[in-house]
Amino acid sequence: MAEQWSGFSYIVTNLARFIRPDEITFSGVNSTMPMLACLLAKRAYEWDFVYINVAGGVNPRPSHIPISSSDPVLAEHTASIFSNEDFYDLCTRGRMDLTFLGAAQIDGAGCANNSCIGDWHEPKVRLPGGGGGAVMLPTARRACTWRTEHSRRTFVQKLDFMTSWGGFHGVVTPIAVFVKRDGKLALQSWHPESSLSEVRERTGFEFDATGATPSEPPTAAEARALRELDADGQFERDAAVALR
Ligand SMILES: CC(=O)SCCNC(=O)CCNC(=O)[C@H](O)C(C)(C)COP(=O)(O)OP(=O)(O)OC[C@H]1O[C@@H](n2cnc3c(N)ncnc32)[C@H](O)[C@@H]1OP(=O)(O)O
Ligand SMILES: O=C(O)/C=C/CC(=O)O
């Protein structure tokens with residue numbers, strides 16, 4: 001059980017749990033974990049949804065699981081080919097139900113920075129990922145993010161730069177799942193090997209934890225689907241997610 005509920009498995013499975021039946025769900029560039037979450041949901045759940053991806057695929061049936069979340073194999077046997085403009089149009093026209101987007105820093109309202117660390121004019125690091133974050137996060141009906149590092153430099157009181165306003169609906173890390181409640185991120189659940197106090201300790205903003213419990217372990221179908229998707233364990237090794 002512990003092996004199946006590694007930090008990597010925890011993130012991918014909990015991202016999949018944000019996907020809803022019949023909805024349109026998007027995963028983009030540099031998004032291996034959301035790609036795996038969408039493919040897991042297709043295999044593990046008894047209902048269907050529309051999975052679209054930045055390779056242009058719409059409910060594709062890829063012949064293998066690629067390392068890159070923008071690999072053309074993700075458009076194999078696709079129902080249609082979507083262009084980049086189509087993803088943005090779906091969002092701005094209110095048709096995108098769920099999109100997965102990255103973030104380097106997240107504040108208590110779920111707003112995100114994926115532009116720079118430090119001062120904008122003299123940054124320590126410039127980050128990629130501002131295009132989707134700036135447009136898709138505020139316009140999709142829901143957006144979720146993931147971070148392999150749960151730390152006070154990631155979960156901050158004040159962002160170094162606000163790339164995306166509007167706020168994530170869901171946030172998943174190796175030790176916690178947050179959801180948006182009354183305009184703020186609230187703790188929904190924590191990794192069974194972690195604790196509420198550890199999540200508080202490693203989070204730089206105050207949050208409501210009313211009703212939060214340890215996360216439900218993976219179902220047999222979820223665990224089986226992820227084993228199939230990562231048969232040789234390469235994704236898990238590449239992700240190198242630590243609980244501590
Ligand atoms: C149409 C579409 O496809 S829309 C787009 C969909 N895709 C996305 O939204 C993905 C967008 N991009 C991402 O998610 C990126 O991974 C980002 C922007 C979140 C982070 O970029 P990465 O290059 O992965 O940064 P990474 O996390 O490796 O950090 C690089 C360095 O930046 C600095 N850094 C990153 N985050 C922080 C932080 N919160 N605080 C301080 N320093 C930080 C550190 O120096 C770090 O190096 P270190 O970990 O060795 O200390
Ligand atoms: O914002 C990003 O990370 C990527 C966007 C891809 C694009 O719009 O070309």
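How far does a backbone N or O atom of Gly 129 lie from an oxygen atom of ligand 2, and what is that distance in Å? The distance is 3.4 Å. The model is predicted, and this report covers its two ligand sites and one pair of helices.

**Ligand 2**

Seven names make up the surroundings of ligand 2: Val 29, Asn 84, Tyr 88, Gly 129, Gly 130, Gly 131 and Gly 132. Among these, Asn 84 uses a polar side-chain atom, placed 3.0 Å from a ligand oxygen. Gly 131 instead brings a backbone N or O atom to 2.9 Å from an oxygen atom of ligand 2. Taken alone, ligand 2 has 280 Å² of accessible area, and the protein covers 62% of it.

**Ligand 1**

Around ligand 1 there are 25 residues, of which Val 29, Gly 102, Pro 128, Arg 147 and Arg 153 are the closest. Val 29 is also listed among the residues around ligand 2. By residue class, the shell of ligand 1 holds 12 nonpolar, 10 polar and three charged residues.

Polar contacts to ligand 1 include one from the side chain of Ser 31, where an N or O atom is 3.4 Å from a ligand nitrogen. Arg 147 places a polar side-chain atom 2.8 Å from an oxygen atom of the ligand. With Arg 153, a polar backbone atom is 2.8 Å from a nitrogen atom of ligand 1. On its own, ligand 1 has 1,000 Å² of accessible area; the protein covers 73% of this. Helix 3 (84-92), strand 7 (122-126) and helix 4 (130-139) are the elements that each give two or more residues to the shell.

The contacts described for both ligands are listed here.

| Residue | Part of residue | Ligand atom | Distance |
|---|---|---|---|
| Ser 31 | side chain | nitrogen, ligand 1 | 3.4 Å |
| Arg 147 | side chain | oxygen, ligand 1 | 2.8 Å |
| Arg 153 | backbone | nitrogen, ligand 1 | 2.8 Å |
| Asn 84 | side chain | oxygen, ligand 2 | 3.0 Å |
| Gly 129 | backbone | oxygen, ligand 2 | 3.4 Å |
| Gly 131 | backbone | oxygen, ligand 2 | 2.9 Å |

**Helices 1 and 2**

Helix 1 spans residues 7-16 and helix 2 spans residues 32-44; their axes come within 8 Å and cross at roughly 60 degrees. The two helices are therefore oblique to each other. The crossing of helix 1 past helix 2 is right-handed.

Methods: Residues numbered from 1 in each chain as written. Chains lettered and ligands numbered in written order. Predicted model: local features only at pLDDT ≥ 70, side-chain atom pairs only at ≥ 80, totals over all residues. Heavy atoms only, no water. Near = heavy atom within 4 Å. Polar contact = N/O pair within 3.5 Å; in protein donor to acceptor, adjacent residues only side chain to side chain. Areas by Shrake-Rupley, 256 points an atom, 1.4 Å probe, with all protein chains shown as cover. Helix = DSSP H or I, 4+ residues; strand = E, 2+ residues; numbered from the N terminus. Nonpolar A, V, L, I, M, F, W, Y, C, P; charged D, E, K, R; others polar. Axes fitted to C-alpha atoms, helices over the stretch in contact; angles between N-to-C directions. Parallel < 35°, antiparallel > 145°, perpendicular 65-115°, else oblique. Left-handed = near helix turned anticlockwise from the far one by under 90°.
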